[in-house]
Every structure is written in C-alpha cells, then in structure tokens.
Amino acid sequence: MHKQKIHRRILDKITEKLLTLSGALTSIIIVFISVFLFTEGIGLFNTPDIEEGYALYVNSENRIDNLSPEETKQIFDAEVTSWKAFGGEDVAINVFRLDAIFNFYSENELGENYELLPEKLGEVISREKGIIAFLPNEYAPQGLQVRKLETATVTLEDYFLGTDWIPTATPAPLFGVLPLVLGTLLVSFGAMIIALPLGLGVAIYLSELAGNRERKLMKPLVELLAGIPSVVYGFFGLVIVAPLVQKAFNLPVGETALTGSIILAIMALPTIISVAEDAMRNTPLGMREASLALGATKWQTIYKVVIPYAKSGISAAIVLGIGRAIGETMAVLMVTGNAAVMPTSFFESVRTIPATIAAELGEAPAGGAHYQALFLLGAILFVFTLIISVSAELISKKRHS
Amino acid sequence: MKKLFVLLMSSIVLVSCNNSQKSSEDSTETKAVSTQSVRIKGSETVLPISEKAVQVYLKDHEGANLMVTGGGSGVGISSLLNKSTDIAQTSRKIKFSEKQKIEADGRNLKEVIIAYDALAVIVHPENKVNNLTREQLEDIFTGKIKNWSELGGDDLEILPYSRETSSGTYEFFKDNVMSGKNYASGIMSMPANGSIIQSVGQTKGAISYVGVAYINQSVQPVSVSFDQGETFVAPTAENVKNESYPIVRPLYYYYLVTPEQPEKEFMDFILSDEGQKIVEEVGYISIR
C-alpha cells in the first residue's frame, strides 16, 4: 500500500516535469523562429539598392551624383530618355550593359581572361557623354573620365511606403511592401464580410434551432470543411469561382480580390462556426428558461439573451477567423491573380503577403536583398498574427472575468 | 523553474552539438566509402528530367545512391553553396552574386547545359491575333500596348499573365523577349504552368507564355517573329528541332569541381545518347 503511494507520487512528479518541459520547449521554438525571421530580414537595410556585386558608372562630365531605385528603373526601362529629367544636361541617356561591349570590340581584343575588359569599358564610357553603364565590380571600368555613382542602401521608407514590388528588376530592384500589405488586408476584410453573417447564422442555427439529429449531421460536415487541403480550395476557386465571378460582374478577369475573399470565407467558416456555436451553447439553461418564462419568443431569446451572453465568444470567433484568412497561402496564391498593384477595388487582381513569400522564396538567391525582403515580409505577417491572437486572448479573458 | 530552464537549454545545446558533429562525420564517411552518393536539387522545371534519368540510371547501377528534390533554382544553388547538394539543377543561368559567393572560397563551379526548353506564347482560342513580333510582345508585357485592336484583333483589353517573379521562366522571357526591360508593374502572375493554361483558357483577353510541353486544346499558341515581322514561326516540335523557333532556353546542371567527382558517372549518363533520349521523352529538347 505504502509502496504504491510512493510509486504514484514519483510518476506524478515525472509527468509534471515532462509537461513543463514540453511547454518550455514550445516557447523556445517560437522565440527561436521569430528571432530567426527578424535577424534574416533586418539585414535588408544594410544592402545596397543595386544588385549585389554590381555598380553604375557614368561619364565624369555627367552632373548626376546618385539615382533612387525608381529613377534607375525608369532609365533602364527607357521610360526616361534624357538626363534633363533628373537635373542633368539635355543629353540623351545611353543605357549600357556588359554584353554590349561585344558590339564595340571583338573577343580577342579583350584579352584571354578579359584582362583588358576594364580598360575597354573605360574607353567606351569616356567616349559617350550620356552613357550609364551597369557593370560588375569585377570588371570595374578604368579611365579618367569614368565616375561611379554613389550607391545608397535600401531605406525603411522605400520598403514600408514603397508602392512598387518588383524584386527582380535589374539593376535596381524595388521592394515596396505597401501593395502587398494592403492586398492582404483587403482580401481578409472581404472574406470576413462574407463569412461573418454566414458563419454566425449557421452557429445560431446549430446551437438554438437545429434538432439533435440535424446537429449531429451538420457538425461533422462543418468540421470536414476544415480538413480539406487548401490547395484543393485553390483549385476549386480557380476553376469554378473565378469564371463565375468574371461572368457575374462582367469583368475582364476572374482572378480578383473578391474571388480570394470568397474562397477564404469558405475556409474561415469552420473556425467561426464552431467557436461561436460553443460560446452560444454555454449560455446557462436557466437564463433561456427565464427569458421564455417572461413570454419572450424564441427569436427574442436568441437576440436579447443568448447573443449578448456569448458576445465575447463570438468576438473571439471573428478574430480567429481573420487570423485564418490572413495567413492562408496556397488558395490565395491560386485565385487572386497576384498582381502587385495598390488595390483600389474588389474587382482587381491583388497580391498577398503569404502568396508572395510562397511563390518567390524558392528561387530567390539565399542571403540576397530579395531573400531578406521576403523574410521581413514574414516578420510583418508575424506581427499581424501576433496582434490578432493577443486581441483574441484579451477578448476571451474578458469573458471569464 | 529557472534551474530547469538552464538545464534544458544546456542539454539542447549539447544535443545539437553532438548532432552536428555526427553529421559531419557521416558525410566524410560516405564520401570515403562510396563515390556514388549524389544529391540533385533545384528547379521544378528540370525536375521531371532528373527524376526520369535517375530512375533509368538506377536500373543499371545497383547500389548507387541518388536523390532528387525540387524547391526552385535558387534553393538548388544555395544548397550547392552550403554543400547540401552535389548537383544544382536550374532553369536560369546562375546569378553573378551567387557565382561570386561560391567561388569566393576558391571552389570551382562547373556549368553544363543538359537540355533545352522552348517557350510558347499563348492566347485565348477565340483571339484573332495569330502573329506577333518580338517588339509587339515587349510592348504588351511592359504595358505599352493595352488593347487587342492595336494589333488587329477585337476591341478587348489585353491581360498579360506572367509566371511568378522568381521563376527561371520569368527571367528568361524578360531577358530574351523583352530585351531586359521590366514587366509592367502590376502584371498578374501565376504560380505554375498549369494555372497559366487554366487562366488563359478562361479569360478572353489573356496572353501568357508556357513551356511547349504544356500546351493543350484550351489555349492557342501564337507564331512569333524575331526579325521585325518578316517570318513568323509557330512553336511546333518541328520548328523547335530545326532551330527556326527563337524562344528557346537552356536548362543547366551546376556542380563543384572536386577531386572525388561523385557526380561524374551520372553526368556522363545524362549527356549520353540514352540520357538525351530521356530528355526528349519528358518533353524537352535534347542538346544535340
């Protein structure tokens, strides 16, 4: 008897320790992941805003000292063709890339291992007044009339307030996350507008109106909805919902923010329904009966007693639903068209943060500016979800107090 | 609690140290025992070739240990950098910065073209425009031409779709068809060849590009001209073979030159007649 007691106590102690251990381990992993995200991402602001290993060179008579990434892009896309636009002389801009050297010199003239290349590049740059050359540091041009443009680093403003996300633009990639952040918020907001009335309606039906049999049938069905892989939703959205949206609103494309919202709404439904239904079912029977005894109808009871009592639970359902929508990747990637433009309406294609990370991380050169920009995007998403889960926590705390 | 925490941390550190030691020992061991363990990693475009080739190769080389994984061209090259793969398969040429990083500590990188892939420009089947010049394509994808009526088609907005910004296909198209200019900002992009076909097939004003192997009934390929409109060439297997079709890109294997040469036998195989036959079976163009 006594021995058994000791055994049990030891066992209890061990279980206790194991549980503490698993808790500690989980917290460590979470801290580790967030630290990892931020440290990988923060390096972006020390990276030059021109592609790594390259620099821009101009003729020394050119008065321009530095160019912003947007200006560089305009020059290399031939949108701006005169130096006058940036305060220089009225000389036509002549864009020069490394490969163009072969139009001036044959391969023999450049030496065996291209040793003569820097010298020849210098000659070309000295000759042309309006030239801007995008060249690797390895072959930095030599010559008196060559001037290297100052390179700045990517600034906080460029990143957080930039409106163009063109991470593979050469020579100067643009990392403006504003369209992505707004796109994510827009799609999630739309999803909530669709999912809330539907989800709360189903929750009220399940907790108040449905008979036992209906509930037993509906609940597993709703939960099944949560078990479908998101890529299946994405496919469904691309093949069925996108053409429907296109026809219904007579749009040129079906892959719009609205399509994404519809799919996300369907995906957020199970969370909203089950959390809200649980909250409503927790309304004490006594309160309902009291309400009915006072002569209130069923609907009055739901409206005046059950919903106010379950208010914080319903709010938690909403917040959790938003969390589900904001972080969803695959389905959104397939149905929103992924155009990185500042969203202006629900009927345009948008690009969300998770979709951007999923689509681009695989091919981005590790450790480069693009890679860091994507990790920082992950950090932004992390902050979003943190805010959401903290508010969910606060709301449900309010319920208990 | 605090004590427990410290204990836990130190044990984790210990365990992880142990592990890393072990794994480094492991890798040297396998190298010494067999030169036949080869890992191939990278582009999803090249993946079908590598998978099929490894399957066939393993039939004749029992005991050889080859592993193929996808992940993307960038993943392949960064794995080469941290030695978690032996061969990186890519659908784009290695970036200058990536090459510098690899060659920084004196390692030598070898580039081998193992196959070619032709890209077809596709539109909705009801579109009347069948011929496009390179200049027109450039203007479409940079956003200068916005309506099909400017190209002799219906009065319909042009909706260009591109592949994802990071795919090798995206960069190849930019460098070779759009003369290095950037895509119009806000161009729609799709994650895979399959979804491009799906979207173009159900959107009237759409235009995009995919690997020739992916074309099906739901979209219509366009003939392109790279000589200012003198001759238009359709992306048929025949035209790709006789090299008259202009939008063709190479697919690469990259590996480090080491004295052990673990990859040599497999490289010989993929470049042999048998290996190149596999390339064609999978739907790409052999290097011969």
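The legends below describe close-up views of salt bridges in a predicted model. Residues are numbered from 1 along each chain as its sequence is written, and chains are lettered from A and ligands numbered from 1 in the order in which they are written. Because the model is predicted, local features need pLDDT of at least 70 and side-chain atom pairs count only at pLDDT 80 or more, while totals for chains, interfaces and linings use all residues; side-chain values use heavy atoms, with hydrogens and water left out.

**View 1. Glu208(A) and Arg288(A) form a salt bridge between helices α5 and α9 of chain A.** A salt bridge is taken here as a side-chain nitrogen of Lys or Arg within 4 Å of a carboxyl oxygen of Asp or Glu, and in this pair the N to O distance is 2.4 Å. Glu208(A) belongs to helix α5 (residues 178-209) and Arg288(A) to helix α9 (residues 285-293), so that distant parts of the chain, 80 residues apart, are linked; helices are DSSP runs (H or I, at least four residues) numbered from the N terminus. Glu208(A) has a relative accessibility of 13% and counts as buried, and Arg288(A), at 13%, also counts as buried, where buried means under 20% relative accessible area, exposed over 50%, and partly exposed in between (1.4 Å probe, protein chains only).

**View 2. Lys219(A) and Glu277(A) are joined by a salt bridge.** The N to O distance between these side chains is 2.8 Å. Because Lys219(A) lies in helix α6 (residues 212-227) of chain A and Glu277(A) in helix α8 (residues 257-281) of chain A, the pair ties together parts that are 58 residues apart in sequence. Lys219(A) is partly exposed, with a relative accessible area of 21%, whereas Glu277(A) is buried, its relative accessible area being 1%.

**View 3. Glu360(A) pairs with Arg351(A) in a salt bridge.** Their side chains meet at 2.6 Å, N to O, and the two side chains also make a polar contact at 2.6 Å, that is, a pair of N or O atoms within 3.5 Å, of which, within protein, one must be able to donate a hydrogen and the other to accept it, residues adjacent in sequence counting only if both atoms are side-chain atoms. Glu360(A), found in helix α13 (residues 353-360) of chain A, is buried with a relative accessible area of 0%, and Arg351(A), at 3% relative accessibility, counts as buried.

**View 4. A salt-bridge network in chain B.** Salt bridges with shared partners join Arg134(B), Glu135(B), Glu138(B) and Lys181(B) into one network. Over all chains, the count comes to 19 salt bridges.

Notes: Helices (H or I, at least four residues) and strands (E, at least two) are DSSP runs, numbered from the N terminus.
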